[in-house]
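Student: I should like to understand the terms used for empty spaces in a protein. May we go through them with one example?

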Amino acid sequence: MATADLFANAHNINSIVQALTTLANASDVFFLVVMGVLVFMMQWGFAMLEGGQVRKKNVNNVMMKNMVDWLIACVSWLFIGGVLCSSINPADFISWWKHIFSANWANNGLDLASWFFGLVFAGTSATIVSGGVAERIKFSAYVIISIVITAFLYPFFVYLGPWGASIIPWHDYAGSLVVHGLGGFLALGAIMALGPRIGRFVDGKPVPILGHNIPMAVFGAFALAIGWYGFNVGSSGALGSISGLVCATTTLAMAGGGIGALIASRKDVLFTANGIVAGLVAICSGTDIVSPVGGLIIGLIAGLQVPIVYKLIEKAGLDDVCGVVPVHGTAGVVGAILAGVFGMKALGGAGGVSLINQIIASIFCIIYGTVLGYVLAKIVDLIIGLRVSEEEERRGLDLSEHQMPAYPEEEVV
C-alpha cells in the first residue's frame, strides 16, 4: 500500500474517532440537560407540595421562597458552590472564575452540563428547608439562609462525602443523605432556632393548623415523583451508564412509601402524599445496588416512619410545617442505612457497600445538618432578626412581606 494511502486511512480513522467522540460528548450533554430539567421541575413540585400545606394567607410567601431558592442557587453555584463541592484548592476557584467569562468550552460544553446538573441538586437541598420554617420566618432572613446553604453548607458536605473527596465514605448514588438528609436536618436546626407558629401549641399540647389546599399538595407530590426520575436515573452522569434497575427501584420505592404512610396514618391523604416522597428520598442512596423487591421494602419502611416521626417531632414542641424532617431527614437516614442492608449480595444486592459506613455517615449528616442549621439561624437572628412580628404573622406573610394576597378575590386590597 502506498504511503499516501496509509496517511489517508489514518486520517479517515482519526476523523471517525473524532466524530464518535463528539457524538458521545453531545449525547452526554443532552442526557445531563434533559435529566437536569426533570430535577429542576422538582422546584415546581416543592412549591405546590409546600403551598398546599400552608394557610392561604402564606401561599405567596412559600412560592416566593421557592423561586428565590432557585435564583440564588444559580448565582452561588456558579461562583462558589460548583467548585467547592469538588475542591477546596484556591487555584481551582481562580481557574473556574477565569473560565466562566469565556464562551469557549471543550467537549460540547460537557463541564457546563455537569455544572447545571449539580446546580439543580443544590437548589433542591435548600428548598427543603423552606417547608419546615414556613409561615413565620422573615423573607430577608430566609434569603440569607438560602445563600449560605447553596454557596457553602451544601457544597462542603458534598465535598466531604462520596461525590467529592470521600473523606467520609459511604454509598449514596443519588443523594439520600447528600441532598435530602442534609436538607431535612438543616431544616430541623432552623426550626429549633425559630420556634413554633402562634397557636401551634397551647399549654404544651399540639394544635393542628391545617393547610389550605390538600389537592395542591398531592399534585406537588406527583410532580416531584416525575422529577425524581431525572434525580435518580440521571445520577449515572452519562448516557452510557444509564440503568434500568435505577428506574425500577425508584418506582417501587415510591409505591412502598405511599403504601407505608397510608397504613401508618390510617388513610390520611396528606401523609400518604408525603409518604410517596419519603419513599423516593429513601431509595436515592441504594437505587443502583438493591433489588426491585429491596427497593419496595426500603420505600415501605420510609413511608411507615413518616407519621410516627412527625408526631415525635410534634411531641418535642417543634413546628415542622410541611413535615420535612420525617420526609427528607429521617427518610434519608432510613434509605442510607437500608442501602447497607439490602445492598448486600446475601439479600440480592450488588454488594460493595458497608453498613458501618452507612451508619457513620447518617450520624454525621444528622449532626452536621442540625448543628449548622441551628447556628446559621441564630446568627441570622442576631444580625437582622429571624422571624416576623406577632402582628405580621397573624396577618399573614403574603400581605405583610409581599403586599399581595394569593387569592385576591377573597381579600380587600
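The dialogue below takes up cavities and pockets in turn.

Tutor: This is a predicted model, in which local features need pLDDT of at least 70 and side-chain atom pairs count only at pLDDT 80 or more, while totals for chains, interfaces and linings use all residues. Residues are numbered from 1 along each chain as its sequence is written, and side-chain values use heavy atoms, with hydrogens and water left out.

Student: What makes a space a cavity, and how many cavities of 30 Å³ or more are found?

Tutor: On a 1 Å grid over the protein atoms alone, a cavity is a set of points where a 1.4 Å probe fits but cannot get out, whereas a pocket is an open set with protein on both sides within 12 Å along at least five of seven lines. The search of the whole structure finds 2 cavities of 30 Å³ or more.

Student: How much space lies in the largest cavity?

Tutor: About 50 Å³. A volume is the space filled by probe spheres set on the points, and grid points are joined across faces, edges and corners.

Student: Why is H328 called a lining residue of the largest cavity?

Tutor: Lining residues have an atom within 4 Å of a point. H328 is in the lining of the largest cavity, as are F46 and V324, so H328 has an atom within that limit. The elements that give two or more residues to this lining are α1 (3-53) and α11 (324-342); α1 gives the most, with 4 residues.

Student: What makes α1 a helix in this numbering?

Tutor: Helices (H or I, at least four residues) and strands (E, at least two) are DSSP runs, numbered from the N terminus. The run of α1 is 3-53, and therefore α1 meets the requirement of at least four residues.

Student: Which classes of residue line the second largest cavity?

Tutor: Its lining has 8 nonpolar, 1 polar and no charged residues. Ala, Val, Leu, Ile, Met, Phe, Trp, Tyr, Cys and Pro count as nonpolar, Asp, Glu, Lys and Arg as charged, and the others, Gly among them, as polar. G373 is in this lining, and G373 counts as polar because Gly belongs to that class.

Student: What is known of the largest pocket?

Tutor: About 580 Å³ of space lies in the largest pocket. The pocket is lined by 24 residues, of which W77, G82, C85, S114 and G118 lie nearest its centre. α4 gives the most to the lining, with 6 residues.
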